[in-house]
Amino acid sequence: MCPLFELSLQTPARVLKLHTPADLTQRLCALGLRPGREVTVLRRGWLGGPLQLRIGSTELMLRREHARAIVVETLPVQEG
Amino acid sequence: MHRIALVGMPNTGKSTLFNRITGGNARVANWPGLTVELASHRILLGARMVQMVDLPGIYDLSGGAEDEQIAQSFLASTPLTGVIVLLNATQLDRQLGLALQLKALGAPMIVALNMADEARSAGITIDTAALGQQLGCPVLLISAKRGDGMAELKQALGQLPGQEVQLDFSHLAPAATFHDEEARLHHTHVSRPPTMPASITTRIDRWILHPALGLPLFVLTMFLLFQLTFAIGTPLQDALGSGLDWIKSTWLEPSLAGAPEIVRGALLDGLYDGVGTVLTFAPLIFLFFSLMAVIEDSGYFARAAFMMDGLMARLGLDGRGFVMLMMGFGCNVPALMGTRVIRDPKARRLTMLTIPFALCSARLQIFLFLCSALFTPAQAPWVLLGLYLASIVIALGTAWLLRRRFTSSEPFALELPPFRLPLFRQIRLRGWGETRSFLRMASTMIVTGVLLVWFLTHYPNEHHSYAAMVAQVLEPVLTPIGIHSEMSIALIFGFVAKEVVLGALSVITGMQGNALSAHLASSMDPVSAISFMLFTLIYVPCVATMATMHKESKSVWFTAGSVVWSLGLAWVLCFVFYQGTRLVSGWF
């Protein structure tokens with residue numbers, strides 16, 4: 001278990017819990033970032049910039065402070 | 001009247017579909033949420049006249065964002081014959097819930113799965129018949145961009161029962177209620193390849209979002225956009241200008257020869273010349289927006305916003321603000337219009353306050369002329385570079401100072417849509433739509449401004465006009481910042497448009513080109529020239545910008561505040577610069 005913010009790049013993880021503000025949580029759920037879903041961090045923006053995330057076929061940007069409030073668990077890397 | 005509402009999440013191609021069905025031109029951009037007012041259009045479906053209404057993009061019917069509330073209150077108060085629910089076929093894993101939410105409200109629905117072409121090439125297959133059975137309504141695969149599936153959609157619309165249904169929002173369940181059902185439907189009826197192939201978008205992103213190369217690439221793109229606009233647009237502008245002059249000298253002047261002096265002067269030198277000057281900008285605006293549409297629709301702006309967000313967040317703005325500021329370097333007017341993508345009113349206003357400080361191409365003309373007149377070829381580029389830096393620092397500084405008054409309450413998570421090739425049809429529609437709205441504005445606000453300036457500079461007489469009197473009144477204010485009366489009249493002209501400042505200078509001095517350069521070089525020292533340029537950079541850009549500011553903010557106070565802030569800041573900074581430099585140079 002770790003915050004989404006600390007997840008290594010290109011490592012799939014499962015979303016466990018969102019501790020983000022209520023309206024942002026609702027928005028993130030609509031964008032597919034919900035408990036149970038798989039998320040990958042594609043890159044981190046420079047100068048403390050946001051994270052580029054992929055959930056399913058949706059890509060979005062999320063600021064670091066919010067990525068710290070999301071708990072994920074890494075998934076075992078699938079072979080082959 | 002039968003009404004059909006178009007509902008969908010941001011970035012599903014709603015406006016494109018609306019344009020497809022109605023043939024109109026609601027604005028389209030590959031960025032969440034550009035539709036501002038509710039666009040509606042009447043179309044004939046079979047034997048029925050139907051009013052199609054395009055609702056703002058919403059994530060969730062129970063959401064609290066402004067757009068979501070607009071959509072809710074429309075749906076809750078308007079009896080509807082049907083609702084088209086538009087979903088992105090590649091993102092059904094998170095979008096089917098919206099259809100389920102509407103179904104639970106009892107809406108007579110047609111579900112249209114857009115971007116069927118993208119889904120196909122990603123290897124996604126959707127069992128629309130089975131999905132339709134589960135949802136209890138027709139489910140169609142379409143591509144609004146290419147026009148695929150339009151006939152089927154119109155047929156389905158024609159087969160709606162025709163009774164008007166009033167949705168009952170008192171039983172609205174939150175979106176999360178439908179997540180399990182959404183996952184089940186997606187699992188059963190949608191199949192996708194186990195591993196997604198590395199898409200073109202991923203490969204382009206590697207360059208465009210590169211920590212070191214990303215920003216230079218973006219600046220280069222914007223630079224090329226401006227270059228192309230002016231390379232093609234300036235000859236068109238000149239041709240239009242000479243055409244208008246020709247009409248004036250061959251038709252208008254002879255036919256008004258018998259009219260009284262005041263009527264002739266006001267109509268020809270005031271109204272016709274003024275409106276003509278503005279009209280010649282139409283080709284530039286058309287080109288600028290058409291090219292902008294290419295970049296916007298491709299999905300590049302969302303990337304630029306991603307890149308700059310880290311820096312901009314510290315200043316109280318977000319990445320989109322930077323994109324708009326860059327647009328402002330071309331022209332402030334479209335940049336102000338572009339802030340519509342920022343859906344939070346406060347965040348949007350903060351961005352709007354920064355844009356008038358962007359050194360636009362009209363101001364650049366003045367600076368280029370003055371720099372070459374008063375500085376050596378070795379000095380001039382540095383002066384210009386300094387002005388660009390001042391422009392950026394003042395714009396961002398304004399945001400930083402006012403960030404606490406305009407704190408955004410927008411849940412900030414922006415979608416980064418995949419790169420898409422824009423279609424010629426959409427680009428043309430966008431260019432034309434913006435040109436039309438510019439001309440509409442020009443016909444009211446700008447005409448008033450132009451007439452006023454003509455009056456001020458010609459009455460009571462040309463040698464002792466009101467403008468000259470105003471310049472005299474302003475003398476105690478402008479002398480401390482090194483601007484003498486000749487130049488202050490030019491500044492008054494600059495209120496209308498920075499494009500006329502040079503023309504005004506040549507009228508006031510009675511000199512042109514090299515003679516004007518020589519005259520300015522002899523009447524101004526470099527310090528007061530820089531002070532004049534600094535003032536020109538900071539004070540109110542032009543009537544068109546002020547009018548746009550008012551139109552977009554819908555607030556006289558906000559517009560007035562922005563004008564007062566720019567004027568005050570211009571004076572204070574020029575005073576500090578001019579007096580400071582003189583003081584320091586006095587020591588040596």
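UniProt positions are given here in the numbering of this structure, and its annotations may be inferred rather than shown by experiment. The model described in this report is predicted.

**Annotated span in chain A**

According to an unreviewed UniProt entry, residues 2–74 of chain A carry the feature "domain: Ferrous iron transporter FeoA-like". Within this span, 41% is strand and 18% is helix, and the C-alpha atoms at its ends lie 8 Å apart.

**Nonpolar core**

The largest nonpolar core comprises 181 residues. The residues with the most contacts inside this core are Leu6(B), Val85(B), Leu87(B), Val111(B) and Leu113(B). When residues up to four places away in sequence are left out, Leu87(B) touches ten partners, among them Val111(B) and Leu113(B). Its contacts also include Gly8(B), Thr12(B), Gln95(B) and Asn114(B). In soluble globular proteins, nonpolar side chains tend to be buried together.

**Two residues with positive phi**

Most residues other than glycine have a negative phi. Two residues listed below have positive values instead.

| Residue | Phi | Location |
|---|---|---|
| Gln10(A) | near 60° | loop between strand S1 (2–3) and strand S2 (13–18) of chain A |
| Asn11(B) | near 70° | loop between strand S1 (2–8) and helix H1 (14–22) of chain B |

Are these residues buried or exposed? Gln10(A) is exposed, because 10 other C-beta atoms lie within 10 Å of its own and the limit for an exposed residue is 12 or fewer. Asn11(B) is buried, because its count within 10 Å is 22 other C-beta atoms, where 20 or more are required.

Note on methods. Residues are numbered from 1 along each chain as its sequence is written. Chains are lettered from A and ligands numbered from 1 in the order in which they are written. This is a predicted model: local features need pLDDT of at least 70, side-chain atom pairs count only at pLDDT 80 or more; totals for chains, interfaces and linings use all residues. Helices (H or I, at least four residues) and strands (E, at least two) are DSSP runs, numbered from the N terminus. A nonpolar core is a set of buried Ala, Val, Leu, Ile, Met, Phe, Trp, Tyr and Cys residues joined through C-beta atoms within 7 Å. Two residues are in contact if their C-beta atoms, placed from the backbone, lie within 7 Å.
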